[in-house]
Amino acid sequence: GNEVKDRMAKLMTKTNLHSPGEVASPTSSSSRAGGTIGGISDDDVMAEVFRRDHEARENKERSRLEAEAAAVRAKMEDEKKREEEERESATKSEAAKRERLQKDFEVYEKSEEEMRADLLRKKKEKFEAEEQERERIKNEKAEQRRKEERDRPLTERERKEREKEEWLKSEKERKAKEAREKEEREEEERERQAKEKREKAMKEERERDRLRRLEDSAALKVHEEQYAVFEVKAKAKTPVPFDEIPWPFCNERLLLPTSGDTRKSIKVWSRRWHPDTWAKYEFPEGDRSKVMERVLEVSKDINAALAKYG
């Protein structure tokens, strides 16, 4: 009984079951009596020992179960990860397989198309060769028949028919030749008439141009005389009416100086008919705006003519 009590006292010391401030010692444990240890009954000590032992076993079991659960969770996560990897690998494998099948199908279709095209080409070549062969045989037979006809003695009727055919053929060729010659003569005649018509038109145009130049030269001479008179009046500040101004026109054609250096002469006229020059002259009150408008038109026409001479 004492050994049990000593062991329980040690256990109480280790587990702090003694009261606060009390220190367990072997001497005090051996002097305990009446079935108590440090004021605690043996039953309470045994109950506490059993409780703590039960808690230790429960903690150990709980730790074991938690470790097993963690292992199971880790295993499940590994299996899930492995399944995802296998699924991803299967997806990639399936995509690669589909792509490979698509490429194989495209290659197959291309080869089929090439095969059909080649077969069609060979069939066409064979048909053309057969057609050429039939045409060659046909021509050979026709040539053979013509040769036999030539070599065969002719009857009087056949001879006359052949002579008639040859005559008709020669007549046809003669008429065709005459028609071609007639058409050529008619074409030459048309060309000759067109040429004569063009030459006549050019001659008439040259004559009209000559007459126009003569007319313009005479008109220009008259214009210069009239303009000299006008210039005297204008410089004298004498109002000149619109109708008395010698405008440089002949039959609605602009008169331009043609003697000497044409470009230089036109420049002189450009200054003569410049609106700034005419702005200095005197005109009747009702004619000034009309005169300046007409002068502006003349100036534009002269400048356009000057531009043609560079």
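**Figure 1. Ring pairs join eight residues, Tyr 227, Phe 230, Phe 242, Trp 247, Trp 273, Trp 278, Tyr 281 and Phe 283, into a cluster.** The model shown is predicted. Across the whole structure, a search finds 10 aromatic pairs. One of them joins Tyr 227 and Phe 230. Their rings are tilted, at 50° between the planes and 5.6 Å centre to centre. Both residues belong to helix α4, which covers residues 156-235. They sit 3 residues apart there, about one turn of the helix. Tyr 227 and Phe 230 are both buried. Another pair is made by Trp 273 and Trp 278. This one is stacked, with 20° between the planes and 4.9 Å from centre to centre. Trp 273 is buried, and Trp 278 is buried too.

**Figure 2. Arginines lie over two rings of the cluster, Tyr 227 and Trp 247.** Arg 272 is placed over the face of Tyr 227. The distance to the ring centre is 4.1 Å. Tyr 227 also pairs with Phe 230. At Trp 247, the partner is Arg 294. The charged end of Arg 294 sits over the Trp 247 ring, 5.3 Å from its centre. Both Tyr 227 and Trp 247 are members of the ring cluster.

**Figure 3. Trp 247 and its surroundings, leaving aside neighbours within four places in sequence.** Which residues does Trp 247 touch beyond those neighbours? The contacts are His 223, Phe 242, Trp 273, Val 291, Arg 294, Val 295 and Val 298. Arg 294 is the residue whose charged end sits over the Trp 247 ring. Phe 242 and Trp 273 belong with Trp 247 to the ring cluster. Trp 273 is buried.

**Figure 4. The largest nonpolar core holds 22 residues.** Which residues have the most contacts inside this core? They are Phe 230, Ile 245, Trp 247, Trp 273, Trp 278, Tyr 281 and Val 291. Three helices give two or more residues each to the core: α4, α5 (262-272) and α7 (288-308). Helix α4 is also home to the pair Tyr 227 and Phe 230. Several core residues recur in the ring cluster, among them Phe 230, Trp 247 and Tyr 281. Val 291, a core residue, is in contact with Trp 247.

**Figure 5. Two salt bridges in helix α3 involve Arg 52 and Glu 48, and Arg 51 and Glu 55.** The whole structure contains 33 salt bridges by search. Between Arg 52 and Glu 48, the closest N and O atoms are 2.6 Å apart. A polar contact of 2.6 Å also joins these side chains. Both residues lie in helix α3, residues 42-151. They are 4 residues apart, about one turn of the helix. Buried or exposed: where does Glu 48 fall? Glu 48 counts as buried because its relative accessibility is 18%, and the cut-off is under 20%. Arg 52 has 34% relative accessible area, so it is partly exposed.

Arg 51 bridges to Glu 55, with the closest N and O atoms 2.4 Å apart. This pair also lies in helix α3, 4 residues apart, about one turn of the helix. Arg 51 is partly exposed, at 36% relative accessible area. Glu 55 is partly exposed as well, at 35%.

**Figure 6. A network of salt bridges links Glu 205, Arg 208, Asp 209, Arg 212 and Arg 213.** Within it, the side chains of Arg 208 and Glu 205 meet at 2.7 Å, N to O. Both lie in helix α4. They are 3 residues apart, about one turn of the helix. Arg 208 is partly exposed, with 42% relative accessibility. Glu 205 is partly exposed too, at 35%.

**Figure 7. The protein has 7 helices and 4 strands.** From the N terminus on, the elements run α-α-β-β-α-α-β-β-α-α-α. Of the 310 residues, 15% count as buried. Tyr 227 and Phe 230 are among the buried residues. Contacts between residues at least 6 apart in sequence were also sorted by separation. Of these, 64% join residues at least 24 apart.

Definitions and conventions: Residues are numbered from 1 along each chain as its sequence is written. This is a predicted model: local features need pLDDT of at least 70, side-chain atom pairs count only at pLDDT 80 or more; totals for chains, interfaces and linings use all residues. Side-chain values use heavy atoms; hydrogens and water are left out. Rings of Phe, Tyr and Trp (its six-membered ring) pair if their centres lie within 6.5 Å; planes under 30 degrees apart count as stacked, over 60 as edge-to-face and the rest as tilted. Buried means under 20% relative accessible area, exposed over 50%, partly exposed in between (1.4 Å probe, protein chains only). A charge sits over a ring if NZ of Lys or CZ of Arg is within 6 Å of the ring centre and within 35 degrees of the ring normal. A nonpolar core is a set of buried Ala, Val, Leu, Ile, Met, Phe, Trp, Tyr and Cys residues joined through side-chain atoms within 4.5 Å. Contact means heavy atoms within 4.5 Å. A salt bridge is a side-chain nitrogen of Lys or Arg within 4 Å of a carboxyl oxygen of Asp or Glu. A polar contact is a pair of N or O atoms within 3.5 Å; within protein, one must be able to donate a hydrogen and the other to accept it, and residues adjacent in sequence count only if both atoms are side-chain atoms.
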